[in-house]
Amino acid sequence: MMKLHIKKQNFYVYSEGFFKGFSNIKIGDNFSALRGLRIEAIAKQNHCDETIVSIGKNVSIGDFCHIAACNYVELGDGVLIGSKVLIG
């Protein structure tokens, strides 16, 4: 069973968001993202044992951003990401 770990409140993703690997994605309070967001925690593919995408509190992400991890990616609290950014 896959779950997206959304902690508490104010979670907003424009309707075109895509998430893969829900059980390995953790998102804090006051998260917002515009259209075209992709977050992928790619576990067991490429022989990765534990994959985590961790996003802190008060994070805003612009249009068409892609965050992908085969190991570990962390965005701390208060992060602002502009449009068309790839993190992986």
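If we set aside the neighbours of I67 within four places in sequence, this residue is in contact with R38, I39, E40, V53, I55, I61, V73, L75 and I87. The model in which these contacts are found is a predicted one, and I67 is a useful place from which to begin reading it.

Several of the names just listed return when we turn to the largest nonpolar core, which has 19 residues. Within this core, F31, L37, I39, V53, I55, I61 and I67 touch the most other members. The elements that give two or more residues to the core are β4 (25–27), β5 (31–33), β6 (38–41), β7 (52–55), β8 (59–61), β9 (66–69) and β10 (72–75). As general background, nonpolar side chains in soluble globular proteins tend to be buried together.

From the core we can pass to the aromatic rings, of which the structure holds two pairs. A pair of this kind is described by the distance of the ring centres and the angle of the planes. The rings of F11 and F31 have centres 5.5 Å apart and planes at 15°, and because planes under 30 degrees apart count as stacked, this pair is stacked. Since F11 lies in strand β2 (residues 11–13) and F31 in strand β5, the pair ties together parts that are 20 residues apart in sequence. F31 is buried, with a relative accessible area of 1%, whereas F11, at 30% relative accessibility, counts as partly exposed.

The other pair is formed by F19 and F22, and it is tilted, with 6.3 Å from centre to centre and 40° between the planes. Here F19 counts as buried at 15% relative accessibility, because the limit for buried is under 20%, while F22 counts as partly exposed at 27%.

Strand β2 also holds Y12, and this residue leads us to the surface, where Y12, Y14 and L34 make a nonpolar patch of about 290 Å². With a relative accessibility of 44%, Y12 counts as partly exposed.

Finally, the backbone deserves a careful look, for most residues other than glycine have a negative phi. N30, although it is not a glycine, has a positive phi of about 55°; N30 is placed in the loop between β4 and β5 and, at 29% relative accessibility, counts as partly exposed. K84, likewise a residue other than glycine, has a positive phi near 60°. K84 lies in the loop between β11 (80–81) and β12 (86–87), and with 68% relative accessibility K84 counts as exposed.

Notes: Residues numbered from 1 in each chain as written. Predicted model: local features only at pLDDT ≥ 70, side-chain atom pairs only at ≥ 80, totals over all residues. Heavy atoms only, no water. Core = buried A, V, L, I, M, F, W, Y, C linked by side-chain atoms within 4.5 Å. Buried < 20%, exposed > 50% of the residue type's maximum accessible area, 1.4 Å probe, protein only. Helix = DSSP H or I, 4+ residues; strand = E, 2+ residues; numbered from the N terminus. Contact = heavy atoms within 4.5 Å. Phe/Tyr/Trp six-rings, centres within 6.5 Å; stacked < 30°, edge-to-face > 60°. Patch = residues over 30% accessible without salt bridge, like charges linked within 9 Å, V, L, I, M, F, W, Y side chains within 5 Å. Areas by Shrake-Rupley, 256 points an atom, 1.4 Å probe, with all protein chains shown as cover. Salt bridge = Lys/Arg side-chain N within 4 Å of Asp/Glu carboxyl O.
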